[in-house]
Amino acid sequence: MHFIRLIRPVNLVIIAITMYGIAWYFEGVYAMPQSMGINSISFFLLVLSTVMIAAGGNIINDYFNTKADLINKPNRVIIGKHIKRRMAIVLHWGINFLEFSIAVYLSWRLQTFWYSFIHLLTINLLWYYSLKLKRVFFIGNVLIAGLTALVPLLVGFYYYHTNELSATTIPEISFYPFAESTIYHYTLLLTFSISGFAFALNLAREIVKDMEDVEGDKKLHAKTLPIVLGINRTKIIAALVLFLTILISGAIWNLYSTITFKSMIPVIISAFLVFLCFIVLFFSKQKSHFRIINQLIKLAMIFGLLLPIYWRLIMING
């Protein structure tokens, strides 16, 4: 039970649903061969290895962050209380060994070095982030936001690459938001759009979390935005990043004429939640206020990342 809490199962489920949701949408667009589609062992292994990276990252983050967590979140501390520190390291490297082995297999199976490279890079970046970058001014925030945004891109690249391998053609369908794009550009464009949205929201969330965790971070001599610039200036930066998500949504809507109001309902809901974040952020003074913003941003991100599932449902129901 303590191990399950340590790896943040809810976040891992969100990652898996996001990846399968994007894949399910692409399955409605492409006539994928069964050996490479959403039900294939290759795609399952891609999702599994991505989830394992996140699980390993959660473990090593808690390992290096125990001292701050004893101040910021004393009731949530697991390493040192319920799981020995040495066991945590063993679990971390055991998970990383298994997921990197999967990545090597995927690279061999799909004839690309990409999966081995990106998995190995991510493992090391998460280690270095937890060890040092988490406490470096702003860089750690950007890194975690970027790694989170990588999740949709992994699916986009998978379908882009497997389409090339199988010479897949695009069928005639009734609903398809980016109809102006070619088959290959479309795959990457859609996932880059979702990734940009995820990056901006996660960057804002990381900044808000730093405001929530100021007291513990001071004990670690961290140089986070609120510690260096102060809470009020950090609020302005968080608001600007949140506004960026609205700009991204508006740009996508205006760029492609085939996008309709109906097709963007999840994004509209997400934008409304971001607007609520602005309001709470303006009046926030206590740690509990920042926690509310954190949860609102997470909910907004979920609506945005589940957009492809909504699009596929429209395709099915007309």
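The following paragraphs describe the fold, nonpolar cores, helix packing and selected residues of a predicted model.

The secondary structure of the chain consists of 14 helices and 0 strands. Read from the N terminus, the order of elements is accordingly α-α-α-α-α-α-α-α-α-α-α-α-α-α. The chain has 318 residues, of which 51% are classed as buried. Contacts between residues at least 6 apart in sequence were also examined, and 78% of these join residues at least 24 apart.

The largest nonpolar core comprises 71 residues. Within this core, the members that touch the most others are Met19, Phe43, Tyr158, Tyr159, Leu201 and Ile297. Helix H3, spanning residues 41-64, makes the greatest contribution, with 11 residues. A further core, of 7 residues, lies apart from the largest one and includes Ile53, Leu126, Tyr129 and Leu133. The surroundings of methionine 19 were examined with neighbours within four places in sequence left aside. On this basis, methionine 19 is in contact with Phe43, Leu46, Val47 and Thr50, as well as with Val151, Leu154 and Val155. Phe43 thus appears both in the contact list of methionine 19 and among the core members that touch the most others.

Two helix pairs were analysed in detail. In the first, helix H5 (residues 85-109) packs against helix H6 (residues 114-131) with an interaxial angle of about 160° and a separation of 7 Å between the axes. Because angles over 145 degrees count as roughly antiparallel, H5 is classed as roughly antiparallel to H6. The crossing of H5 over H6 is right-handed. On the H5 side, the contact is formed by Ile89, His92, Trp93, Asn96, Glu99, Phe100, Ala103, Val104, Leu106 and Ser107. The H6 side contributes Trp114, Tyr115, Ser116, His119, Leu120, Ile123 and Trp127. By residue class, the contact between H5 and H6 contains 11 nonpolar, 5 polar and 1 charged residues.

In the second pair, the axes of helix H2 (residues 9-29) and helix H14 (residues 307-317) are 8 Å apart and enclose an angle of about 30°. Because angles under 35 degrees count as roughly parallel, H2 is assigned as roughly parallel to H14. The crossing of H2 past H14 is left-handed. H2 takes part through Ile17, Gly21, Ile22, Trp24, Tyr25, Glu27, Gly28 and Val29. The partner residues on H14 are Pro308, Ile309, Trp311, Arg312, Leu313, Met315 and Ile316. The residues of this contact between H2 and H14 divide into 11 nonpolar, 2 polar and 2 charged.

Backbone geometry was considered next. Most residues other than glycine have a negative phi. Glutamine 111, which is not a glycine, has a positive phi of about 60°. Glutamine 111 is located in the loop that connects H5 and H6. With a relative accessible area of 61%, glutamine 111 is exposed, because the cut-off for this class is over 50%. Phenylalanine 138 is likewise not a glycine and has a positive phi, of about 70°. Phenylalanine 138 is placed in the loop between H6 and helix H7 (139-166). Its relative accessible area of 27% makes phenylalanine 138 partly exposed.

Several individual positions were also characterised. Aspartate 62 belongs to helix H3. The relative accessibility of aspartate 62 is 9%, under the 20% cut-off, and the residue therefore counts as buried. Apart from neighbours within four places in sequence, aspartate 62 is in contact with Leu6, Arg8, Asp69 and Ile79.

Glycine 304 forms part of helix H13 (residues 287-305). At a relative accessibility of 5%, glycine 304 is likewise classed as buried. The C-alpha atoms of glycine 304 and serine 195 are 9.9 Å apart, although the two residues are separated by 109 residues along the chain. Once neighbours within four places in sequence are set aside, the contacts of glycine 304 are with Phe197 and Ser270.

Lysine 81 is situated in the loop between helix H4 (66-72) and H5. Lysine 81 and histidine 2 are 79 residues apart in sequence, and their C-alpha atoms are 9.8 Å apart in space. With neighbours within four places in sequence excluded, lysine 81 is in contact with Leu70 and Pro74.

Methods:
Residues are numbered from 1 along each chain as its sequence is written. This is a predicted model: local features need pLDDT of at least 70, side-chain atom pairs count only at pLDDT 80 or more; totals for chains, interfaces and linings use all residues. Side-chain values use heavy atoms; hydrogens and water are left out. A nonpolar core is a set of buried Ala, Val, Leu, Ile, Met, Phe, Trp, Tyr and Cys residues joined through side-chain atoms within 4.5 Å. Buried means under 20% relative accessible area, exposed over 50%, partly exposed in between (1.4 Å probe, protein chains only). Helices (H or I, at least four residues) and strands (E, at least two) are DSSP runs, numbered from the N terminus. Contact means heavy atoms within 4.5 Å. Axes are lines fitted to C-alpha atoms, for helices over the stretch in contact, and angles run from 0 to 180 degrees between N-to-C directions. Angles under 35 degrees count as roughly parallel, over 145 as roughly antiparallel, 65 to 115 as roughly perpendicular and the rest as oblique. A crossing is left-handed if the near helix is turned anticlockwise from the far one by less than a right angle, and right-handed if clockwise. Ala, Val, Leu, Ile, Met, Phe, Trp, Tyr, Cys and Pro count as nonpolar, Asp, Glu, Lys and Arg as charged, and the others, Gly among them, as polar.
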